[in-house]
Amino acid sequence: MFLSIPHLFDSMKFERRDILLIVGLLLFMIGLLPFMAPVYAVVIIIALYFVIKVFVARRRQSIQKDVGEGICMECGSKIFDKKCPNCN
Ligand SMILES: [Zn+2]
């Protein structure tokens, strides 16, 4: 628990491309303002931000998992269960 806290902060850290995400979301929020109360627009934007952050973190985890499984030296396919689906 104690060790996982810095790890959590590391995975949630602010990245440069988050600025692009925030700018895009702010423009989207401005687009929403004529249709709803500003409070709802802000809530939707904050929810979208966290959904996108979680989606990106999960996709990154699955990419790391793929790299961890490795690639076949014979044909370059991804390894599943320590076996190549083409060669074994
Ligand atoms: Zn193979």
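These are my notebook entries on a predicted model of one chain.

**Overall layout**

I began with the secondary structure and counted 3 helices and 0 strands in the chain. Reading from the N terminus, I noted the order α-α-α. Next I asked what share of the 88 residues counts as buried. The figure came out at 0%. I also looked at contacts between residues at least 6 apart in sequence, and 12% of them join residues at least 24 apart.

**Confidence**

Before going further I checked how far the predictor trusts its own model. The mean pLDDT of the chain is 80, and 80% of the residues reach 70 or more. Where is confidence lowest, and where is it highest? Helix α1, residues 4–11, sits at the bottom with a mean of 56, while α2 is at the top with 90. I kept that in mind and turned to α2.

**Helix α2**

I found α2 at residues 16–32, which makes 17 residues. From its first C-alpha to its last it reaches 25 Å, close to the 24 Å expected at 1.5 Å a residue. Is this helix buried or in the open? The number of buried residues among its 17 is 0, so α2 lies largely in the open.

**Between α2 and α3**

I moved on to L33, which I located in the loop between α2 and α3. L33 has 12 other C-beta atoms within 10 Å. The cut-off for exposed is 12 or fewer, so L33 counts as exposed. Setting aside neighbours within four places in sequence, I saw L33 in contact with P38 and A41.

A41 was my next stop, and its place is in helix α3. This residue is partly exposed, with 18 other C-beta atoms within 10 Å; buried would need 20 or more. Which residues does A41 contact, beyond those within four places in sequence? I listed M29, L32, L33 and M36. I also took the C-alpha distance from A41 to F28, which are 13 residues apart in sequence, and got 8.9 Å.

Y40 lies in helix α3 too. I recorded Y40 as exposed, with 12 other C-beta atoms within 10 Å. Its C-alpha is 9.5 Å from that of M29, and the two residues are 11 apart along the chain. M29 had already turned up in my list of contacts for A41.

**After α3**

Last, I looked up C72. Where does C72 sit? Its place is in the segment after α3, the helix that spans 38–69. C72 is partly exposed, with 15 other C-beta atoms within 10 Å. Not counting residues up to four places away in sequence, I found that C72 touches S77, I79, C84, N86 and C87. Two cysteines, C84 and C87, are among them. I then took the C-alpha separation of C72 and K83, 11 residues apart along the chain, and wrote down 8.2 Å.

**Looking back**

My picture is of a chain with three helices and no strands, in which 0% of the residues count as buried. Around the α2–α3 loop, L33 and A41 are in contact, and after α3 I would look again at C72 with its contacts, including C84 and C87.

Notes. Residues numbered from 1 in each chain as written. Predicted model: local features only at pLDDT ≥ 70, side-chain atom pairs only at ≥ 80, totals over all residues. Helix = DSSP H or I, 4+ residues; strand = E, 2+ residues; numbered from the N terminus. Contact = placed C-beta atoms within 7 Å. Expected span 1.5 Å × (residues − 1). pLDDT = per-residue confidence, 0-100.
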